[in-house]
Amino acid sequence: MTKTVPLGQRLRYPITVRKLVKPTGKQISKREVLFQYTYVTTKESGDIVRDAVITEHTAYADWESPVEGKLVHWRIREGDVLNGDQPAFEVEEECGHEVQFNGLCALCGKDLTEIDFSQERADTERATISMIHDQNSLKVSANLAQAEEKRMQIRLLEQRKLVLVVDLDQTIIHACIDPTVGEWMTDPSNPNYDSLKDIGKFQLDDSPSQSLSKCWYYIKKRPGLDGFLERMSKLFEMHVYTMGTRPYAINVAKVVDPDKKLFGNRVISRDETGSLRKDLQRLFPHNTDMVMIIDDRSDVWPNDRENLIRVTPFDFFKGIGDINSSFLPQRTDILPSSDNNGNTLPLDQTTTIQDPDSAQAASEQEKELEKQLEDRPLLHMQQDLDKNDSRMEGVESTKAPGGSPAGTNADADAEMQAQAAASRQHVLRDDDNELVYIEYHLKAIHERFYQLYDEQRRSNGPTSSAVSLDAVPDVGELLRDEKSRVLQGTHVVLSGLINLNVNVHDTELGMQLKSFGAVIHSKVTDKVTHLVVNPSRLRTQKLRQALRIPKIQIVNPDWLTACFSEWEHVDEYPYLIQTGCADWDERSSRCKTTPNGSLTDPDATMIDGSEANGNGNDNDNDVSDASGDEDDDADGAPSGTQQTNGEETQALEDLAGFNWGSADDELAEFLNSDDEDEAGEETDGERPPKNSLKRKADEVHTDTDTEAEADADTRNGTSGSTKANGSALAAHTTTGPEHPMFKKLRLGVPRKSSALRNELGEGDSPASRRSASLDVAPSTTTQDLADDLEAELEAELEAELARAS
């Protein structure tokens with residue numbers, strides 16, 4: 001092949017060509033003189049302090065060949081003055097060394113690691129691209145790589161296929177080494193037994209420690225994986241790309257593809273990449289127009305985000321995570337997840353994204369795996385669930401049906417034990433359906449790709465070849481266009497999801513929101529359509545502000561996960577945040593229905609703030625406080641917000657867990673039924689409602705302390721003598737336990753306004769401002785009944801006091 005050889009950067013320009021020593025058509029070898037040249041140099045002489053003289057001299061030099069072959073053509077002539085680097089001649093080399101293996105030319109066998117002063121670049125730099133999955137030592141030149149990619153594209157177009165790069169951990173499988181899994185696999189009585197029937201396992205010989213070399217790796221395939229891969233293999237040429245070691249990747253591939261029909265030998269691991277980031281250029285250095293990726297982490301693909309379909313992490317072994325996470329960048333914005341009991345787990349507290357050192361990451365991984373072996377987290381989780389089951393069974397577990405002692409009926413006992421075993425809670429749940437959505441997306445993009453390809457081919461006119469590389473669309477652009485439509489027109493504010501001092505636009509969550517078409521705001525304004533709240537941090541300033549704007553949907557992070565997974569703007573109703581109600585289905589005066597269907601507590605006090613500032617324009621009708629929208633301590637009182645006194649705060653906290661639904665029933669029974677216990681005291685056999693209210697009011701006053709009585713007197717406008725009369729009346733009542741609701745009424749909670757109600761205005765709660773979009777039939781609520789009861793109590797007390805005086 002013919003190669004153009006330059007002069008190089010090391011010459012002392014300008015130079016003058018004196019003589020071309022070697023004529024064209026002759027063979028040349030390395031370090032052979034090809035031409036002679038001169039250059040001007042300076043020399044300093046005399047006293048260097050006072051009488052220094054600088055003179056110019058002409059120096060002579062030879063130019064030696066850095067290559068060998070046949071001299072084809074000179075690009076310079078004798079007498080030329082050359083001011084810089086430029087082509088010197090063309091040579092026809094016997095070998096271009098375009099394929100190399102461990103520093104040796106794979107074609108001629110020459111050692112290319114040898115360098116002399118005539119070369120500015122080593123011959124090993126001629127082939128720098130690794131295109132083989134399992135060989136990092138075999139490299140090819142850029143020209144060969146490009147030619148090979150074109151041949152691959154032609155082959156794929158003829159087969160109507162694309163390329164799919166597949167991650168392993170938490171994308172299509174989940175791995176752990178907890179010995180508990182092996183024990184459960186052989187115990188049919190364990191509630192997790194059925195979920196472990198298709199578990200694969202292997203041992204690694206390259207483990208760094210002796211304890212790890214003897215442990216078993218348990219591999220759980222994502223539900224539906226076998227059928228998914230089989231169907232995708234007809235549309236894609238599939239490759240594995242993992243951050244695990246090569247032995248780990250090969251063994252997992254054997255579990256997933258034992259016959260090597262799906263992936264073959266197309267498996268690449270961190271041992272071959274030499275980097276802790278993933279890059280498609282490792283496999284496709286020149287063109288990625290036909291390549292798609294599925295991975296649970298998008299931050300490890302900084303240069304190929306447009307080609308990526310992010311998968312919801314597969315978390316089968318609860319609490320284990322990715323066993324190779326030590327070799328992945330740390331995250332700042334992991335969405336809060338939930339455990340088996342529905343409790344929200346805390347956010348990741350890291351504050352930076354950084355690449356770990358390889359040695360440090362290996363050491364950290366070893367420690368984490370050894371800890372998993374020793375701690376056996378899955379066993380402890382199951383034990384906690386069993387303890388909870390035992391507490392729920394209670395006394396019923398010691399009695400046989402009908403109240404007879406357990407054991408009197410053997411068949412009944414056996415049936416109860418079988419039912420108890422079947423009803424045991426289990427840690428491992430085999431209910432993931434993520435691959436259904438992934439398959440749908442992959443098929444849609446594949447169909448759209450070849451639809452555009454066929455249209456472009458037809459528009460280019462008839463061609464003699466069966467395929468046309470010029471008509472190939474970019475699959476990355478197709479993915480970007482499809483995703484950007486999902487949340488188009490959605491304006492989102494995040495609360496409690498991003499760590500402080502982190503710009504939301506620079507986080508992984510922020511970038512993903514933008515890729516799906518959403519606009520991110522840092523403050524709540526009338527432009528915002530959705531507030532995404534961390535369920536474990538509901539006392540936020542942003543939430544309080546959003547309650548004032550009826551159109552804002554207040555949802556938990558699962559809504560975003562569903563949108564990202566399904567590529568649809570899913571219905572918000574199942575993900576609406578309950579801001580003050582213990583039971584979603586309980587509709588009472590304390591739980592008003594908002595336009596988005598969420599339930600709010602009108603007396604709830606939100607005293608926390610927002611997180612990070614963003615770059616969005618949030619200046620239009622900003623409803624934030626004058627003090628700003630910064631985060632405040634949830635346990636403290638932020639500046640610029642109205643404070644609540646101790647009595648009101650305590651009362652609100654007492655009301656938080658009260659069952660207002662049962663109070664409705666009790667109050668209705670109290671108001672509409674006869675009091676059988678007091679029937680003997682009535683002269684006509686019936687008890688008028690006003691007298692019943694009087695007795696209930698007297699019972700309320702009987703069980704009060706001095707401070708509560710004083711507070712009640714003050715609110716009723718009575719004097720000290722009136723207080724004495726009230727006490728005398730209370731002395732004639734029957735003492736007994738006071739109902740919690742009447743105690744709250746006595747303490748005057750309905751009379752006082754919370755900080756939130758004061759800001760909204762008298763009688764204007766957040767729920768009333770958020771006029772309901774769901775049609776809720778008007779009904780008498782607990783609050784209405786409580787107000788009526790209070791008014792009648794006051795009127796009756798005043799009348800009784802007037803008669804006593």
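Two strands count as paired if DSSP finds at least two bridges between them. Everything shown in these close-ups comes from a predicted model.

**A. H174 faces K220 across a strand pair.** H174 of β13 stands opposite K220, which belongs to β15. The two strands run antiparallel and are joined by four bridges. Which way do the side chains of β13 point? I173 and A175 go one way, H174 and C176 go the other, and all four are buried. That fits the usual pattern, in which side chains of a regular strand alternate between the two faces of the sheet.

**B. The antiparallel open sheet has three strands.** Zoom out a bit from H174 and the strand order reads β13-β15-β14, with antiparallel pairing. The edges belong to β13 (173-176) and β14 (200-202), each of which pairs on one side only. From one strand to the next, the twist averages 25°. On the β14 side, three bridges hook that strand up to β15 (residues 217-221), again antiparallel. One pair to look for is G200, whose bridge partner in β15 is I219.

**C. The parallel open sheet has five strands.** Read across, the order is β17-β16-β12-β18-β19, and the pairing is parallel. Why do β17 (267-268) and β19 (308-310) count as edges? Each has a single partner strand, so one side of each is left without a neighbour in the sheet. Either way, parallel or antiparallel, the strands of a sheet pair through backbone hydrogen bonds.

**D. β12 is buried on both faces.** How many of the five residues in β12 (residues 162-166) are buried? Five of the five are, which leaves this strand mostly covered. L162, L164 and V166 sit on one side, V163 and V165 on the other, and the whole set is buried. Next door is β16 (residues 236-241), which runs parallel to β12 over five bridges. In that pairing, F236 is the bridge partner of L162. β12 also has four parallel bridges to β18 (residues 291-295), and here V165 stands opposite I293.

**E. D295 links the sheet view to the cavity view.** Follow β18 to its pairing with β19, a parallel match over three bridges. D295 stands opposite R310 of β19 there, and D295 is also one of the residues lining the second largest cavity.

**F. The second largest cavity has a mostly charged lining.** Rolling a probe the size of a water molecule over the atoms shows where empty space is left. In this model that gives three cavities of 30 Å³ or more, and the second largest has a volume of about 70 Å³. What lines that second largest cavity? The list runs D167, D169, T242, M243, K278, D295, D296, R297, V300, D322, N324 and L328. Sorted by type, the lining has seven charged residues, two polar and three nonpolar.

**G. C95 and C105 come up short of a disulfide.** A disulfide is a covalent bond between the sulfur atoms of two cysteines. The tally for the structure is zero. Why is C95 not bonded to C105? The closest cysteine sulfur to that of C95 is in C105, at 3.4 Å, and that is too far for a bond when the cut-off is within 2.5 Å. C95 counts as buried at 13% relative accessibility; C563 is buried as well, at 0%.

**H. Four loop residues are worth a look.** Most residues other than glycine have a negative phi, and most peptide bonds are trans. Y13 and P14 are joined by a cis peptide bond, with omega about 0°, and P14 lies in the loop between β1 (2-6) and β2 (15-20). R31, not a glycine, has a positive phi of about 65°. R31 is in the loop between β3 (27-28) and β4 (33-45) and is partly exposed, with 44% relative accessible area. K260, also not a glycine, has a positive phi of about 55° and is found in the loop between α5 (246-256) and β17. Finally, R75 sits in the loop between β6 (69-74) and β7 (81-82) and is partly exposed at 39% relative accessibility. The C-alpha atoms of R75 and P87 are 6.3 Å apart, though 12 residues separate them along the chain.

Note on methods:
Residues numbered from 1 in each chain as written. Predicted model: local features only at pLDDT ≥ 70, side-chain atom pairs only at ≥ 80, totals over all residues. Heavy atoms only, no water. 1 Å grid on protein atoms, 1.4 Å probe; cavity = no way out; pocket = protein on both sides within 12 Å on 5 of 7 lines; lining within 4 Å. Points joined across faces, edges and corners; volume = space filled by probe spheres on them. Nonpolar A, V, L, I, M, F, W, Y, C, P; charged D, E, K, R; others polar. Axes fitted to C-alpha atoms, helices over the stretch in contact; angles between N-to-C directions. Buried < 20%, exposed > 50% of the residue type's maximum accessible area, 1.4 Å probe, protein only.
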